[in-house]
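Here is a short tour of a sheet and a helix pair. Have the coordinates open as you read.

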Amino acid sequence: MKAFLMYPGQDFDAEADLPAGAQALIEDLGLQTLFGAMSGDDEFLYAVAERAVLTSLAEPEAVRYRQHALRDCLDQAQAVREMYQVAVDAVLGSKKIYRGIFSQSPDATLRWAMEMLQLFTGLLHRLREIADTNAANFRSQAFCTLFQTLAAELSDDFFAAVDEHLSQLRFRGGVLVSARLGKGSKGIRYVLRRAGERRRGWISRITGNDSDGFTMRIADRDESGHRTLAELRGRGINLAASALAQSADHMLSFFTMLRCELGFYVGCLNARDRLSEAGEPVCFPEPVAADGPARLSFHGLYDVCLSLRLDRGRAVGNDAGADGKTLVIITGANQGGKSTFLRSVGLAQLMMQCGMFVGAESFTDTLCTGLFTHYRREEDAEMESGKLDEELARMSEIADRVTPGSIVLFNESFAATNEREGSEIARQIVRALLESGVRVFLVTHFFDLAHSLYQQGSGESLFLRAQRREGGQRTFRLVEGEPEPTSYGLDLYQRIFGTADQAQSAATR
Amino acid sequence: MSFHSILFDEPSAAVEHDQPGYFTDLNLDQVVTAIAAGRGEYDLAPFFYTRLRAVSAITYRQEVMRDLQDDTLSACIATFARQMKTMREHLRQSKSMHYQRQKQHWFLDAAATYCDAVTTLGADLADAELGSRGFCAFRDHLASYARSEAFATLATDANRLRSQLTAIQYCLDISGNRIRVTKYDREVDYSAEVVDTFARFKQGAVKSYGSKFPDLAEMDHVEAGILDLVAKLHPDVFASLDEFTDTHDGFLDPTVAAFDREVQFYTAYLEFAGQLGQAGLGFCYPQVSAESKEISASETFDVALASKLASQHQPVVCNDFFLRGPERILVVSGPNQGGKTTFARTFGQLHHLASLGLLVPGTRAQLFLFDQLFTHFERGENLQDLRGKLEDDLTRIHGILGQATASSIVIMNEILTSTTLQDAVYLGTRVLEQIIDLDLLCVCVTFIDELASLGPATVSMTSTVVPHNPAERTYRIVRKPADGLAYALAIAEKYRLTYRALRERVRP
């Protein structure tokens, strides 16, 4: 019995290691904010959100499977949260059932397993009730299948069979065990048997010996003999006790899985609620299969994490039609929204590829085979000489993992050296990546680099520029445009150091 | 041809029990330890100490080894070895048991396992395509043994009795302090019913909750009592078991037992070479000659070092060398930590391994069948006492040159480091001149460049560094005089991030 809410016919692996490079993505895209909003300070939900968001789906069908399930959740939030609570009760309740560390005897295992099964059967009843009440309101394949499974497997017959076992396994009439001769004639393959008819009555016979069998008796004071006898009995019930304990484990892993998979959707609900409060729109993106020509177009795309951090006011949204573009170069004013835009692209990509909504009014995009970020890091400022080394080492790690169909986001990369060298390194890397079928988004203030890429002017490049109104005021909006030879650092200088006149006179002095 | 040993073409070859003097210098002790690891019971080391003195004996082993390189045959031998090992364990168990029925059962298992081993190997060898004299002779021996009446009776008795015992199934009904033992009568498996009910929740693998019970081979009195009752339920079977033990004491054939041990010499080495093969390192059969000193090897390496590096998944650097015409002495110089000592060891290892009739590291090798091999490696001790050390150096070299014949090999590593350069040049030259006079094959690792050009007998080889980065060693030793080096490395190239390098790296 499986939940299968994340994939059709496949479990969600909540224990899996985060993919290599996850840490860079978390840091560069500010994902902690997203995970925080999804978890609402619940550690478990945080971990689920982290795994789910960072483990991208590759096929549009897989993305839509989750989108449909998520639509159901947005409509039926109450029922989904109730089911989630049942799973939480099962997992947390089972932790309170004590299993001694030292009492590993089959009898102790059996007792523990029976207690676990009693807890779980109760909660399975509740789950069945929720399913019966709400099933009709769900449309998605994921939830419809789950409800059908619950109805079929949790039948009245099943609950009755469980009760019968729980009473049989008390072994009031002794234990019947079969065995074979193993190495050196030691008994092996002890199997617990349901006692047949002929067993009845032999105990009452005086010797217990007849053509069918022979009886031996352990003397009362033969302590080691009694130990052996208890051990043989233990070997007999061992398998049944273990099977029962494993069944308890299986049920627990069903609830654990249900908790995980519902946890993702509950996380999405939480994030949606936070964004709605802020008045931000969300939409379900249109995922495009990776094997076709590159597609990317969006309307009102904003940085979800920035929005979640803002106390009030909405994040600025951007529009672009970049279908067929494999290289997007972003240039222009400092603090003009370049990094924010780059982040919004990365976030939307990840959120889309885990089946979530994205922060935009509309969003159509090709699924990527891997998302990588290469950001200039501010740390290690003292080790100037080692910095380019560090950047290149990180780039080399990316090169080890990048594949055709990946996306690499560069933010002020290779700026640890002078413009000429940095541009040349970047040019070679960008060219190699593009020719290998990798999509590249590149924020740079290197005019040499941006300009030369513009001159090459392939139809597959899009140049965006941070907008700047007359007088230096920023809109944080990006517009299509040719790279310009200055990054408006002077503006920044003026704002921080004073007026234009003072700055100019300082410059001429 | 009658069979005496899979290792020797002629009988009565004496086996060395002490390792040769050069073993530790060449790290061959480590190699033998690695090869023999997990095969302690076969006591293989002496075989690796004992060099063959005739090319024909070497050929005998090379033939056997070629046969064993066939996967099918080597799998058959592995099966045989496993079975023989199991058989020995069963016999040990039989001796250690207290209850008679247990002794008998273990003995039966030992005998049955032995019969399986012999029968299986006999059939396998009959089917195998064998090229070696050794294996062909052994196949014939085994075939006639397996046809003998004694063996046939043993096999029939053992198999019949074993299947009878295996078929016995009984029930224990435990209630209070009584146990009733009956024949099993198709009572239903109750654990399976439990499993069945909960199968719908099965979620893949879970841990086992099965309690661990002590797994003693010995029985106690209650188990022995139960066994007696089981025997009363099946009296005929247990009577035959009594008889079997008396009839078949001492069933093991000595030639089969010796083969089992000796063939491990080959399989152990092939396994070792195979592990290095997985790391991309090749082995080959050397041409061995007792006359020609025109030796050579391609893509060879230090097996001790390679075995260490391969286990850490680090790359191993291979080297080539050759001597032709009047050339006899490889003089190796160049930067430190560049693989010079490794090269010297490689040279020695190659010759020793070849003299055992084994595959040697490399893709092609022509080697010399030496009478004695001498190593002179710098010893760490006595660093304070420089004069003592020089004296010791010279004494040892003198000793070596006194024993060496024209068929000997000398390997000298960093000698004469404990004196002035001028002295070292003088003494080194004198030593090499004597070696040249004796017509010895020699490798001489030295910091003294002058020794590299003493005449037609010497060949200069040097360790090399990465041209752009002298701190980085290539571990390649090449035929050339030492020279200066160029540096400067484009940083992007270092990270393989140039256009060309990156295009290579990003593949679907």
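Which residue in strand 9 of chain B is the bridge partner of V288(B)? The partner is L367(B).

## Ground rules

This is a predicted model, where local features need pLDDT of at least 70, side-chain atom pairs count only at pLDDT 80 or more, and totals for chains, interfaces and linings use all residues. Residues are numbered from 1 along each chain as its sequence is written, while chains are lettered from A and ligands numbered from 1 in the order in which they are written.

## The sheet in chain B

In chain B, 4 strands (DSSP runs of E, at least two residues, numbered from the N terminus) make an open sheet with mixed pairing, ordered 4-9-5-6. Its edges are strand 4 (287–289) and strand 6 (319–322), each pairing on one side only; pairing takes at least two DSSP bridges between two strands. Strand 4 runs parallel to strand 9 (residues 364–368), and 3 bridges join them.

Helix 13 (residues 340–355; helices are DSSP runs of H or I, at least four residues) lies across strands 4, 5 (296–300), 6 and 9 of chain B, at about 75° to strand 9. Angles run from 0 to 180 degrees between N-to-C directions, with axes fitted to C-alpha atoms, for helices over the stretch in contact. Contact means C-beta atoms, placed from the backbone, within 7 Å.

## Two helices in chain A

Over in chain A, helix 5 (residues 77–95) packs against helix 9 (residues 223–277) at about 140°, their axes 8 Å apart. The two helices are therefore oblique to each other, as angles under 35 degrees count as roughly parallel, over 145 as roughly antiparallel, 65 to 115 as roughly perpendicular and the rest as oblique.

Key
Contact = placed C-beta atoms within 7 Å.
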